[in-house]
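Welcome! Take a look at the sequence and the structure below, then work through the exercises one at a time.

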Protein chains: 2
Amino acid sequence: MSAGRQRRKGLAPMDGNKKQAIQEDTAARLRAAGLRPTRPRVALASLLLGRGHRHLTAETLHAEAAKAGVRVSLATVYNALHQFTEAGLLRQVVVDAARSYFDTNTGEHQHFFCEDDGRLIDIPGDAIAVSHVPAPPRGMAVRRVDVVVRIKRG
Amino acid sequence: MSAGRQRRKGLAPMDGNKKQAIQEDTAARLRAAGLRPTRPRVALASLLLGRGHRHLTAETLHAEAAKAGVRVSLATVYNALHQFTEAGLLRQVVVDAARSYFDTNTGEHQHFFCEDDGRLIDIPGDAIAVSHVPAPPRGMAVRRVDVVVRIKRG
DNA sequence: ATTTGTGCAAATCGTTTGCATCTGA
DNA sequence: TCAGATGCAAACGATTTGCACAAAT
């Protein structure tokens with residue numbers, strides 16, 4: 001716990017202390033998940049997990065990182081997203097063949113998907129239920145049941 | 001139901017008469033859907049709609065067409081799949097960010113998705129039900145509710 | 001010091017498109 | 001005839017990867 005040193009040439013996103021606190025917490029989470037808390041990973045995870053639940057794509061996160069003064073390559077963003085997903089910190093949502101969405105809410109829940117603008121909206125897990133899911137074929141186990149309610153303007 | 005059914009992969013697609021009958025029927029369906037029954041479209045639609053319900057990707061269909069002696073470009077396959085989908089002859093299924101699946105079953109039903117081999121299995125519409133779908137945001141209408149039961153070996 | 005991750009750009013993958021050429025009505 | 005389709009290959013956008021370098025343990 002030393003003082004705040006900033007070897008960044010970019011900017012000063014948010015209050016140094018608070019930011020550092022979040023980053024230390026994040027580093028701990030990464031470590032707990034078996035991921036080495038490197039600077040890019042900590043930065044991305046801080047953005048992801050710092051402010052409540054959100055849905056984002058690799059592009060989105062990349063842009064956000066840039067805006068926050070963290071310059072990571074898009075490739076690193078993809079890597080991080082997948083590593084986080086595997087580590088259980090994120091959940092991948094497949095609704096659109098064109099893009100991959102990631103959801104920081106790993107709890108049980110479903111989604112509205114707005115086909116007009118590609119926006120995702122959470123549906124709390126206890127607000128929706130699938131009944132009578134048939135038994136899967138022999139030797140298969142259900143890993144998850146995903147519900148996507150596709151909505152449209154009109 | 002005529003005699004010779006051959007499930008071989010070689011050539012000699014099927015008996016000439018039967019094939020022609022299917023194609024005429026298919027042409028009629030295309031016409032009814034507002035699509036000009038061109039040779040490639042009839043050939044593809046015959047493959048698609050000729051043998052019960054199936055799930056396939058553009059690649060799959062392209063390969064099948066080639067195997068059946070119909071040489072169409074992949075671009076044409078994509079075009080046809082989308083046109084058929086718009087015409088209501090097919091339904092697109094989004095389960096995997098990597099590929100687009102098309103389903104010849106346009107009725108109400110859901111799917112098992114096997115994550116090991118990427119296979120889809122139908123779940124009859126009356127075998128599963130989603131209860132308590134929350135109302136969509138103001139000004140939005142529910143277009144469809146998709147359920148994907150992700151399964152895995154084990 | 002060793003291992004693991006990063007950045008960049010090039011490579012890949014599935015899908016779409018531009019355009020000259022055909023083809024069905 | 002002639003709008004509408006096709007084929008090819010180039011264009012495309014999203015994602016992945018190969019490899020030299022940087023950072024974490």
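A polar contact is a pair of N or O atoms within 3.5 Å; within protein, one atom must be able to donate a hydrogen and the other to accept it, and residues adjacent in sequence count only if both atoms are side-chain atoms. This is a predicted model, in which local features need pLDDT of at least 70 and side-chain atom pairs count only at pLDDT 80 or more, while totals for chains, interfaces and linings use all residues. Residues are numbered from 1 along each chain as its sequence is written, chains are lettered from A and ligands numbered from 1 in the order in which they are written, and side-chain values use heavy atoms, with hydrogens and water left out.

**Exercise 1. Find which atoms of A:Y78, A:H82 and A:S100 approach a phosphate oxygen of DNA strand D.**

Step 1. Begin with A:Y78: a polar atom of its side chain lies 2.2 Å from a phosphate oxygen of DNA strand D.

Step 2. Turn to A:H82, where a polar side-chain atom is 3.4 Å from a phosphate oxygen of this strand D.

Step 3. For A:S100, a polar backbone atom is the partner, 3.0 Å from a phosphate oxygen of DNA strand D.

**Exercise 2. Describe the protein surface near DNA strand D.**

Step 1. Here "near" means that a heavy atom of the residue lies within 4 Å of the strand. There are 21 residues around DNA strand D, and A:R31, A:Y78, A:H82, B:T38 and B:T76 come nearest. Of the atoms of DNA strand D within 4 Å of the protein, 80% belong to sugar and phosphate.

Step 2. Look for the elements; helices (H or I, at least four residues) and strands (E, at least two) are DSSP runs, numbered from the N terminus. α4(A) gives the most to this surface, with 5 residues.

Step 3. Sort by class: 8 residues are nonpolar, 6 polar and 7 charged. In this sorting, Ala, Val, Leu, Ile, Met, Phe, Trp, Tyr, Cys and Pro count as nonpolar, Asp, Glu, Lys and Arg as charged, and the others, Gly among them, as polar.

**Exercise 3. Do the same for DNA strand C: which residues come nearest?**

Step 1. Of the 21 residues around DNA strand C, the nearest are A:R36, A:T38, A:T76, B:Y78 and B:H82. Sugar or phosphate supplies 79% of the strand C atoms within 4 Å of the protein, and bases supply the rest.

Step 2. Check the polar contacts. Polar backbone atoms of A:R71 and of A:S73 each lie 3.4 Å from a phosphate oxygen of DNA strand C. In B:R31, an N or O atom of the side chain is 3.0 Å from a phosphate oxygen of DNA strand C.

Step 3. α4(B) makes the largest contribution to the surface near DNA strand C, 5 residues. The classes here are 8 nonpolar, 6 polar and 7 charged residues.

**Exercise 4. Work out which helices of chain A build the largest nonpolar core.**

Step 1. A nonpolar core is a set of buried Ala, Val, Leu, Ile, Met, Phe, Trp, Tyr and Cys residues joined through side-chain atoms within 4.5 Å. Buried means under 20% relative accessible area, exposed over 50%, and partly exposed in between (1.4 Å probe, protein chains only).

Step 2. The largest core has 23 residues, and those touching the most other members are A:L30, A:L44, A:L48, A:L61, A:V77, A:L81 and A:F84. At least two residues come from each of α1 (16-32), α2 (39-50), α3 (58-67) and α4 (74-86) of chain A. α2(A) gives the most, with 6 residues.

Step 3. There is also a second, separate core of 22 residues, including B:L81 and B:F102.

**Exercise 5. In the open sheet β1-β3-β2 of chain A, which strands stand at the edges?**

Step 1. Two strands pair if DSSP finds at least two bridges between them. The 3 strands of this sheet pair in the antiparallel sense.

Step 2. β1 (55-56) and β2 (91-93) each have a single partner strand, so they stand at the edges, with one side of each lacking a neighbour in the sheet.

Step 3. β2(A) is joined to β3 (residues 101-103) of chain A by 3 bridges, and A:V93 stands opposite A:Y101.

**Exercise 6. Is A:H132 buried or exposed?**

Step 1. A:H132 sits in the loop between β6 (129-131) and β7 (140-153) of chain A.

Step 2. Its relative accessibility is 64%, so A:H132 counts as exposed.

Step 3. A:H132 is not a glycine, yet has a positive phi of about 60 degrees. Most residues other than glycine have a negative phi.
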